[in-house]
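Hello,

Here is the structure I said I would pass on. Please look it over before reading my notes underneath.

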Amino acid sequence: YLLNVLRRVGVTTGEVVEENGDNNIFSHSRSIKTRGGKLIAEYGVLAAGVLKTCGIGQPVFFADLNWTELMRLVRKHKIEYKEISKFPQVSRDLALLVDKGVEFAEIEKIAYQTEKKLLKNVELFDVYEGKNLPAGKKSYAVNFIIQDDNRTLNDKAIDAVMKKLIANLTNKLGAQLR
């Protein structure tokens with residue numbers, strides 16, 4: 001969700017670096033920095049001690065944005081508008097079984113590299129780790145939005161895009177369909 005917020009305000013993946021965070025308020029965190037090393041945001045699951053202090057008995061996902069740096073990063077961006085397509089978009093979901101070390105950002109990057117023209121959005125909507133999965137694996141449920149601005153896509157074209165996506169995710173990440 002945080003990456004979607006950053007995209008909405010104009011931050012592109014080429015402008016920032018995502019890495020493991022080291023803030024002790026989190027039990028596990030990630031940080032997003034500019035290519036120059038300035039902190040834009042930190043996010044993750046709050047540490048048990050923080051939850052206990054606040055009287056919270058369940059996991060809390062938290063994001064801390066450095067609005068000053070974020071606004072500095074996007075102030076030179078020009079907002080451009082384009083006409084909404086007259087042609088419908090198509091939504092397809094995949095449940096992918098991947099190694100625990102695979103981050104969603106890798107799946108997203110491979111997807112956009114695979115289909116530059118028709119792929120409009122890639123969104124993670126579920127992560128599952130637990131029983132009924134092989135050891136060292138997790139499952140990502142990912143939604144893909146495909147659209148051609150010049151015509152209505154038929155089943156053959158949609159299937160071709162999805163086959164390319166599956167093939168590249170399998171080859172580059174060892175992903176398997178669930």
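The notes below cover the two largest pockets and their linings.

This is a predicted model, in which local features need pLDDT of at least 70, side-chain atom pairs count only at pLDDT 80 or more, and totals for chains, interfaces and linings use all residues. Residues are numbered from 1 along each chain as its sequence is written, and side-chain values use heavy atoms, without hydrogens and water.

The largest pocket holds about 1600 Å³ of space. A pocket is an open set of points, on a 1 Å grid over the protein atoms alone, where a 1.4 Å probe fits, with protein on both sides within 12 Å along at least five of seven lines; lining residues have an atom within 4 Å of a point. Volume is the space filled by probe spheres set on the points, which are joined across faces, edges and corners.

Its lining has 44 residues, with Arg7, Arg8, Val11, Tyr112 and Lys120 nearest the centre. H4 supplies the largest share, six residues. Helices (H or I, at least four residues) and strands (E, at least two) are DSSP runs numbered from the N terminus. By class, 18 residues of this lining are charged, 15 nonpolar and eleven polar. Asp, Glu, Lys and Arg count as charged, Ala, Val, Leu, Ile, Met, Phe, Trp, Tyr, Cys and Pro as nonpolar, and the others, Gly among them, as polar.

The second largest pocket has a volume of about 1000 Å³. Tyr1, Tyr43, Phe61, Leu124 and Val127 are the closest to its centre among 29 lining residues. E6 gives the most to that lining, six residues.

Regards
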